[in-house]
Amino acid sequence: MDTRIYVDHGATTPTDPRVVEAMLPFFTEQFGNASSIHQFGQDARAAVDRSREVIASALGASPAEIVFTSGATEADNFAVLGAAWANEARGRHLIASPVEHHAVLEPLRFLQSRGFDVTYLPVDRDGRVDPDDVRAAIRPDTVLISVMHANNEIGTLEPVAEIGRLAREGGILMHTDATQSVGLLPVHVDALSVDLLSMSAHKRYGPKGVGALYVRKGSNVARIQHGGSHERNRRAGTENVPAIVGFGVAIRIAMECMHEEAVRLRRLRDRLIQGLVRLDGAHLNGHPVERLPGNVNLSFEGADSESILLALDFQGVAASSGSACTSGSLEPSHVLSAIGLPPEIAAGTIRLTLGRWNTDEDVDQLLTVVPEVIENLRAASAGRPRRAVPQRAAQRSGR
Amino acid sequence: MEIYLDNAATTRPHPVVVESVTRALTVDYGNPSSLHGKGLAAERLIVGARDAVARTLGVEPEDVLFTSGGTEANSLAIRGLAGLARGRHFVTTTVEHSSVRVPLQRLAAQEWVVTELPVDHHGRIAAAQVELALRPDTVLVSVMAVNNELGTMQPIEEISRVVQRHRAAGSPTLFHVDAVQAWGKIPLRPMTWGVDLMSLSGHKVHGPKGVGALYVRPGVRLAPQLGGGEQERGVRPGTENVPGIAGLGAAARLLAADFEETAARMRALQDRLREQIRAIPDVRINTPPDGAAPHVVNATFRSVRGETLLHRLEQEGVFVSTGSACHSHNPTPSHVLLAIGLNTTDAQSTLRFSLSRFTTPEEIDAAASALRHAVAELRALVVP
């Protein structure tokens, strides 16, 4: 029996067997190019359109508003660069939170190097944006506001709906990266007042290599991948049919039991948080309540992330220090810096992200293994000078 | 009976490929950037695939970047170089795939100058044409190895020599080859030939859709077209499509295993099909008899509409195409067929038959027989 525990669902998820099963015929029998006019092509096209309908309906959108991409990174780049290029004549100012994924931050930096002006909003110590700050940042030349729906590292949910209303009033495009939340929390494009929304399949038990951008009808967004006339001329390249089929099925499955699953994950999450935060020198990062159902992000004083992760891996627990995308980096995460976590505390951060197949037994085991690992690491480094704990960080451990 | 002769549009994934993809979906599902064992297992699949793809080109694994497909590989090569702005001139041909043409047309609408070289009636350019078109500020020559509609091969080695000579004289010129239709069909040796960038796609070689690769010669820098992570040396960020990449690696291993026998077998079938098409009256075969890849036969059946013929053949279980799948819903005739001198009517009376490693002589004979009857039948309906 496999006793290993995978709690890195924020990085990627195992593909649901039902998703794999749905994908397989599109490799073996219905392998056509969706642009071909014969039956193979039509079958592929019909399958792509079925997925488009499922995903549109999950978001409260219409199918024509869904553009399939190679993943959330492309969708984020598409939203930011596409909105900026298409509306350049109207203005060159953009607003974003500082805790966005790098797939949003990097294109913003690129635009800054091309003379665009970007306002990065302040966030509170939970990583939340205050809509009043958005209101204050809006200028006549603002063309895009990008604030993520749920943070990938600390799980904090942002007040996207309120910000979206401000954007709507100002006639400004609103983008949200909902990669971590689609299929886990209600994500409705009208309720959120968003014009652009990025998503990914592999965070929701679908395949890697496929994502989508919701583009509200009438929004002015330039395409970024040119070539053939695929995706209504918005994204060139032969459609990744099996992955798109898998994406649709993954979202359908997630939507079927979304509320029950969210309740279950919140319960597991809160058990884990309550059990671990009481450890000496432990701090919870992110909002205690307004957070993703499966997300636990904790910093442990006197232990460093990489040692904790390696020790956990040795014990059969797969976790992460934050975003998988920057796991090779020794710099403190930009999210932890933005919430004002001192670097010496940030250095001991781990993220445990629960998912569909985690159980109460997994949580029991984590509540045994994690404290042991932390204690052993601290014991091993005992004798070395203790690091001073700043006052603010010490207060955080109270929750 | 089902005879699939549209392998230039896409191919049936090989069972071994499907197995690799499935394993990466279900067992090795980790994010390669993760530090734990699941991440490591996924990373190993990527390393293995990179090695397999590199071997088919005779290049080093670290010079192969994975993309979301041939379109992105072409786009990254062109826009990645334009982004570094070391010159303002591009050279290409009139018969490139739209994933090369459209990005170049977009650049031409900005401050860039693009020279499109005309082709002969086989769809071929001569290296001398490239030589004449080169300017001191030419940043890139982009020429496909094998045309997707005709199967025509371009003189890549000769063009590469011309580009290298030009570069030796102090120009920043690099050479990009779209090898999407060439991979697995003709030998490709970018390093030996001095090609700087080469695009590949998985789903044309019995690999999965949604994955491709770009060979980048060491020392060649590209401006990333997406931002957001350090994957693929920062040139192509985003969580790696591990199942797709694993499948691409499996496809690369398969095509390398019996490359010469497969190419020879396909060539024999191509000749067999060509002979039988030639026997049909009033036909023009657009694929050149010499210097074509072994998998394509493109032919014009005068006074028959290509699309009608396609659907008639489909009723007989034979699946072909009217040209590039990417434009199949576009009523304007193929730019490639017009470039080789066909008039609009002939261009719209044209079909492409494309073979694969799985095509059999029996299938060729049956398809040719269905074709012969369909053409005769449709022509009989036409009032003279």
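For the 384 residues of chain B, the radius of gyration expected of a compact globule is near 21 Å, and the predicted model gives 21 Å, so the two agree. The C-alpha trace of chain B extends over about 70 × 50 × 35 Å along its principal axes. Of the 384 residues in this chain, 65% are buried. The surface that chain B exposes comes to about 13,600 Å², and 53% of it is supplied by carbon and sulfur atoms. In secondary structure, chain B comprises 13 helices and twelve strands. Contacts in chain B with a sequence separation of 6 or more were also examined; residues 24 or more positions apart account for 73% of them.

The corresponding description of chain A, which is likewise part of the predicted model, is as follows. A compact globule of 399 residues would have a radius of gyration near 21 Å, and chain A, with 22 Å, agrees with this expectation. Its C-alpha trace spans about 70 × 55 × 35 Å along the principal axes. Buried residues account for 62% of the 399 residues of chain A. The accessible surface of the chain amounts to about 14,200 Å², with 51% belonging to carbon and sulfur atoms. Chain A contains 15 helices and twelve strands. When contacts between residues at least 6 apart in the sequence of chain A are considered, 75% join residues at least 24 apart.

Parallel strand pairing in chain A is illustrated by strand β5(A), which covers residues 142-146 and is mostly covered, five of its five residues being buried. Strand β3(A), residues 93-96, runs parallel to β5(A) and is joined to it by four bridges. Within this pairing, L94(A) has L144(A) of β5(A) as its bridge partner. Strand β5(A) also pairs in the parallel sense with strand β6(A), residues 173-177, over three bridges. Here S146(A) is matched with H175(A) of β6(A) as its bridge partner. The connection from β5(A) to β6(A) passes through helix α7(A), residues 160-170, and this β-α-β crossover is right-handed.

Antiparallel pairing is found elsewhere in chain A, in an open sheet of three strands with the order β9-β10-β12. Its edge strands are β9(A), residues 282-284, and β12(A), residues 349-353, each of which pairs on one side only. Neighbouring strands of this sheet are turned against each other by 25° on average, direction ignored. Strands in a sheet pair through backbone hydrogen bonds, in either a parallel or an antiparallel arrangement. Between β9(A) and β10(A), the latter covering residues 295-300, the antiparallel pairing extends over three bridges. In this pair of strands, H283(A) stands opposite S299(A) of β10(A). Helix α10(A), residues 258-277, lies across β9, β10 and β12 of chain A and runs at about 10° to β10(A).

In chain B, the surroundings of one histidine were examined individually. Residue H176(B) is found in strand β6(B), which covers residues 174-178. The relative accessible area of H176(B) is 0%, and the residue is therefore classed as buried, the cut-off for this class being under 20%. Leaving aside residues up to four places away in sequence, H176(B) touches N74(B), A77(B), V100(B), L140(B), V141(B), S142(B), V143(B), L197(B), M198(B), S199(B) and L214(B).

Finally, the backbone was considered at two arginines, one in each chain. Although R232(A) is not a glycine, it has a positive phi of about 50°. This residue is placed in helix α8(A), residues 230-233. The relative accessibility of R232(A) is 62%, so the residue counts as exposed, for which a value over 50% is required. In chain B, R233(B) has a positive phi of about 55°, again without being a glycine. R233(B) lies in the loop between β8(B), residues 212-216, and α8(B), residues 242-257. With a relative accessibility of 54%, R233(B) counts as exposed.

Terms used
Residues are numbered from 1 along each chain as its sequence is written. Chains are lettered from A and ligands numbered from 1 in the order in which they are written. This is a predicted model: local features need pLDDT of at least 70, side-chain atom pairs count only at pLDDT 80 or more; totals for chains, interfaces and linings use all residues. Side-chain values use heavy atoms; hydrogens and water are left out. Two strands pair if DSSP finds at least two bridges between them. Axes are lines fitted to C-alpha atoms, for helices over the stretch in contact, and angles run from 0 to 180 degrees between N-to-C directions. Contact means heavy atoms within 4.5 Å. The radius of gyration is taken over C-alpha atoms; the globule rule is 2.2 Å times the number of residues to the power 0.38. Buried means under 20% relative accessible area, exposed over 50%, partly exposed in between (1.4 Å probe, protein chains only). Accessible areas come from the Shrake-Rupley method with a 1.4 Å probe; for residues, only the protein chains shown count as cover. A crossover is right-handed if, with the strands pointing away from the viewer, the path from the first strand over the helix to the second runs clockwise.
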